[in-house]
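Thank you for having me this morning. I would like to walk you through one model, taking it a piece at a time, and I will begin as soon as it is on the screen.

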Amino acid sequence: EPHYVVVVRGTLAGAPEEIQAQHDPIASGGEAMASALGDVAHVVYLGRSDDHEVLFVDVWTSDDAIEAFYGNPDFQAAFITLFAAPPNVAVFESNDWHQW
């Protein structure tokens, strides 16, 4: 079965520990709904040389609800506050290339 990966990359609006304090309630508040829609993982990476750079990776089992979830106005209003400027968002689909 294909999987879909949503990658969000941007610059945090403040110190990582301050933004984590905002992020965690948003993420945990949306976890049940995201999981019910097919999101099986949400992983956060901070930049190694600049911890204000952030990469969010969400793995979905279906692309049916991706746009509806991320397009939810309440989610967008909360999510955008984490970033200094609008982040880059991309969706990728798994394939049958050799992988490990």
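Let me start with a single side chain, His 23, which counts as buried because its relative accessibility is 12%, where the cut-off for buried is under 20%. Please keep in mind throughout that this is a predicted model. His 23 sits in helix α1, and if we set aside residues up to four places away in sequence, His 23 touches His 42, Val 44, Phe 56 and Leu 82.

Turning to the helix itself, α1 covers residues 16-37 and has a kink of about 45 degrees, centred on Glu 31. Along with His 23, the buried residues of α1 are Pro 16, Ile 19, Gly 30 and Ala 34, and what these buried residues pack against is β2 (39-46), β3 (53-60) and α2 (66-71). Just after the helix comes Gly 38, which takes a positive phi of about 115 degrees.

Where, then, does α1 meet open space? The largest pocket, with a volume of about 310 Å³, is lined by 20 residues, and those nearest its centre are Ala 27, Ala 34, Asp 39, His 42 and Asp 58. Two or more lining residues come from each of β1 (4-11), α1, β2, β3, α2 and α3 (73-80), although α1 gives the most, with eight residues. By type, the lining of this largest pocket divides into 12 nonpolar, five polar and three charged residues.

The second largest pocket has a volume of about 150 Å³, and His 23 appears again here, in a lining that also includes Pro 16, Ile 19, Val 44 and Phe 56. The elements that give two or more residues to this second lining are α1, β2 and β3, with α1 providing the largest share, five residues.

Phe 56 leads us on to the aromatic rings, since ring pairs link Phe 56, Trp 60, Phe 69, Tyr 70, Phe 75, Phe 79 and Phe 83 into a cluster. The count of aromatic pairs comes to nine. For Tyr 70 and Phe 75, the ring centres are 5.8 Å apart and the planes stand at 75 degrees, so this pair is edge-to-face, and both residues are buried.

I will finish with a contrast in strand β2, where Val 40 lies: Val 40 is exposed, because its relative accessible area is 54% and the cut-off for exposed is over 50%. Beyond its neighbours within four places in sequence, Val 40 is in contact with Val 59 and Thr 61, and the C-alpha atoms of Val 40 and Val 59 are separated by 5.6 Å, although the two residues are 19 residues apart along the chain.

How values were computed: Residues numbered from 1 in each chain as written. Predicted model: local features only at pLDDT ≥ 70, side-chain atom pairs only at ≥ 80, totals over all residues. Heavy atoms only, no water. Bend = angle between axes of the 7 residues up to and from the residue. Helix = DSSP H or I, 4+ residues; strand = E, 2+ residues; numbered from the N terminus. Buried < 20%, exposed > 50% of the residue type's maximum accessible area, 1.4 Å probe, protein only. Contact = heavy atoms within 4.5 Å. Phe/Tyr/Trp six-rings, centres within 6.5 Å; stacked < 30°, edge-to-face > 60°. 1 Å grid on protein atoms, 1.4 Å probe; cavity = no way out; pocket = protein on both sides within 12 Å on 5 of 7 lines; lining within 4 Å. Points joined across faces, edges and corners; volume = space filled by probe spheres on them. Nonpolar A, V, L, I, M, F, W, Y, C, P; charged D, E, K, R; others polar.
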